[in-house]
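Colleague: I should like to learn how to read a protein model. May we work through one together?

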Amino acid sequence: MTGTWRHLPATARAIAVTATTAVAAAQARDGQAYDEAVGGLAADERSGLVLGAVVRLLLEESHPDGLTGDDIRQVLTRCVQESTRWRSDVDPHVVLVLLAGALGVYDPDGDESPPDAEAVARHAPLLVADLLAATSVPLGDYLTAAFAEIERTERQD
């Protein structure tokens, strides 16, 4: 575990460790390890908030001049195509919801079938792993930044 996570509450530390395990399993295409880690992520709905923040940070870094619709389509297509090579349960709608949610443009009230916490937990590490492939920054740095951002937001509210 990254030393900077020691100051976090136990639940946040657990999310960080489990997310790290899930993303590493996705990168290695290890289905058994992935399923086990995803079960841990699904147990805490706040993992979606954390991974959503990581996705947003990764999108911002990989597209410093802003995102276009084509950029989103490319990320969605690449993630779904790569993931379906080793996961048969990938739902493009859930990946799109994760992207839209990370960008703050997803309205669950307008979605006839919004994904539940389990679907988010099953798909978010796939998206994070895909986006990480374009950067040399380790996941731990993004998780640390995501927790700091969430903490800042909670203090302001």
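Modeller: Certainly. Let us begin with a term: two residues are in contact when heavy atoms lie within 4.5 Å. In this predicted model, Val-55 touches Leu-99, Ala-102, Leu-127, Val-128 and Leu-131, leaving aside residues up to four places away in sequence.

Colleague: Which elements make up the protein chain, from the N terminus on?

Modeller: The chain holds seven helices and zero strands, so its order reads α-α-α-α-α-α-α.

Colleague: How should one read the largest nonpolar core, and which residues have the most contacts inside it?

Modeller: Such a core is a set of buried nonpolar residues joined through side-chain atoms within 4.5 Å. Here the largest one has 48 residues, and those with the most contacts inside it are Val-54, Val-55, Leu-99, Leu-127, Val-128, Leu-143 and Phe-147. Each of α1, α2, α3, α4, α5, α6 and α7 supplies at least two residues of this core. The largest share, 10 residues, comes from α6 (117-132).

Colleague: What does the radius of gyration say about the protein chain?

Modeller: A compact globule of 157 residues would have a value near 15 Å, and the chain has 15 Å, which agrees. Along its principal axes, the C-alpha trace spans about 40 × 35 × 35 Å.

Colleague: What share of the residues is buried?

Modeller: Buried means under 20% relative accessible area. Buried residues form 41% of the 157 in the chain.

Colleague: How many positive and negative side chains are there?

Modeller: There are 12 positive and 25 negative side chains, and the centres of the two sets lie 6 Å apart.

Terms used
Residues are numbered from 1 along each chain as its sequence is written. This is a predicted model: local features need pLDDT of at least 70, side-chain atom pairs count only at pLDDT 80 or more; totals for chains, interfaces and linings use all residues. Side-chain values use heavy atoms; hydrogens and water are left out. Helices (H or I, at least four residues) and strands (E, at least two) are DSSP runs, numbered from the N terminus. The radius of gyration is taken over C-alpha atoms; the globule rule is 2.2 Å times the number of residues to the power 0.38. Buried means under 20% relative accessible area, exposed over 50%, partly exposed in between (1.4 Å probe, protein chains only). Lys and Arg count as positive and Asp and Glu as negative; His and the chain ends are not counted. The place of a charge is taken as NZ of Lys, CZ of Arg, CG of Asp or CD of Glu.
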